[in-house]
Amino acid sequence: MAQHPTQIDPKDFRRALGMFATGVTIVTTQAADGTPVGITANSFNSVSLQPPMVLWSLAKNARSLPAFSEAEYWNVHILSNEQEPLSNRFARAGEDKFAGLTLDQADNGMPLLPGCSARFQCRTAFRYEGGDHIIFVGEVLAYDSSGLPPLLYVTGNYALAARKAAPVSTDPAADTSQALYSENLMGYLLGRAHYQFMGGFRNRLKERALSDADFFVLSTLSVQAPLSASALAEHVSYTGIDIGPLALGSLCERALLDQTEAGLYQLSTSGRDLVLHVLAAAKAVEADLVGRMGEAEAALLRNLLKQAIGATDPGLPKLWSA
């Protein structure tokens with residue numbers, strides 16, 4: 001049901017606005033005494049190409065409003081997807097937000113943060129009243145773009161951007177609405193992606209006479225060791241492969257594993273050398289995949305895979321632990 005101005009609940013209105021995905025920016029300037037000032041904002045937008053102009057807005061009750069109102073220059077940083085901690089830092093009040101940060105040199109002299117997707121060095125052109133906010137319009141004096149995937153914000157949470165994928169195995173003209181099994185089945189997509197990825201370095205496994213089970217054991221021990229037979233079996237139980245005494249004994253006989261006096265298993269020197277060669281091949285396949293997909297899509301894929309793993313985790317032990 002549509003809400004009219006006299007009926008608007010500010011919290012509900014904010015939730016509705018949150019459906020519009022935005023980028024995340026940090027805007028910086030200097031106070032009159034030279035102190036650096038910065039805030040996180042998602043109200044950034046473009047205004048004009050000729051001349052190049054952008055805008056953003058700041059609440060009238062913001063502690064940083066006097067500094068931005070008096071400043072002739074300010075910089076807008078579009079954050080990359082790795083800069084979520086920086087966004088959180090500049091969104092908090094009451095701390096030195098620039099402590100420990102290394103800044104780049106800016107043409108306009110204002111604080112310039114590194115590692116961003118894009119940066120715009122601006123001079124204030126106009127300020128407008130906008131309800132409970134002040135709208136700042138700036139002329140862009142200089143800008144740069146790194147190509148790093150941007151950090152997004154939607155429905156009250158950080159998000160990542162990706163292009164919509166084309167069909168994988170379905171003819172674009174095909175009607176699959178009544179199909180029992182289609183390419184949109186998540187199990188098919190996850191399984192096919194796994195086997196195609198493994199196919200990129202499976203020849204390296206064959207050259208070294210390594211089965212999938214062998215590879216899982218060696219790669220697990222490259223992260224955490226020494227481990228008992230039962231702990232190893234628990235770590236790789238998600239694969240459906242039973243890692244028993246015979247499999248571990250075979251790896252010991254091949255001098256790829258050593259067994260401690262306590263009966264724990266760890267990589268031998270030759271085992272570590274072997275797993276490094278195989279992992280190097282796997283990383284080469286990953287690098288090629290990222291190059292074909294693009295950094296933004298690769299970051300989103302990692303994020304979604306982590307979500308899928310978290311949602312289906314039966315309680316496996318932490319592999320990377322303190």
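**Salt bridges, cores and a surface patch**

At 12% relative accessibility, R119 falls under the 20% cut-off and therefore counts as buried. In this predicted model, its side chain meets that of D144 in a salt bridge, with N and O 3.1 Å apart. R119 belongs to strand β7 and D144 to strand β8 (residues 133-145), so the pair ties together parts that are 25 residues apart in sequence. D144 is partly exposed, at 27% relative accessible area. A salt-bridge network links these two residues with D104.

The whole structure holds 10 salt bridges. Another of them joins the side chains of K60 and E129 at 2.4 Å, N to O. Here the loop between β5 (53-59) and α2 (65-70), which carries K60, is tied to strand β7 (residues 118-130), which carries E129, and the two parts are 69 residues apart in sequence. K60 is partly exposed at 37%, whereas E129 is exposed at 61%. Helices α10 and α9 are likewise tied together, through R302 and E286 respectively; the closest N and O atoms of this pair are 3.1 Å apart.

Turning to the interior, the largest nonpolar core has 27 residues, of which F201, V217, L218, L221 and L257 touch the most other members. Elements giving two or more residues to this core include α6 (212-223) and α9 (269-293). Beyond its sequence neighbours within four places, L221 is in contact with L227, L232, L257, Y265, Q266 and L267. Apart from this core lies another, of 21 residues, among them V27, W74, I78 and V140.

On the surface, M186, L190, L289, L301, L305 and I309 form a nonpolar patch with about 520 Å² of accessible area together. Its largest share, 3 residues, comes from α10. L190, in helix α4, is partly exposed at 40%.

Key: Residues are numbered from 1 along each chain as its sequence is written. This is a predicted model: local features need pLDDT of at least 70, side-chain atom pairs count only at pLDDT 80 or more; totals for chains, interfaces and linings use all residues. Side-chain values use heavy atoms; hydrogens and water are left out. Patches are made of residues with over 30% relative accessible area and no salt bridge: like charges are joined within 9 Å, nonpolar side chains (Val, Leu, Ile, Met, Phe, Trp, Tyr) within 5 Å. Accessible areas come from the Shrake-Rupley method with a 1.4 Å probe; for residues, only the protein chains shown count as cover. A salt bridge is a side-chain nitrogen of Lys or Arg within 4 Å of a carboxyl oxygen of Asp or Glu. Helices (H or I, at least four residues) and strands (E, at least two) are DSSP runs, numbered from the N terminus. Buried means under 20% relative accessible area, exposed over 50%, partly exposed in between (1.4 Å probe, protein chains only). A nonpolar core is a set of buried Ala, Val, Leu, Ile, Met, Phe, Trp, Tyr and Cys residues joined through side-chain atoms within 4.5 Å. Contact means heavy atoms within 4.5 Å.
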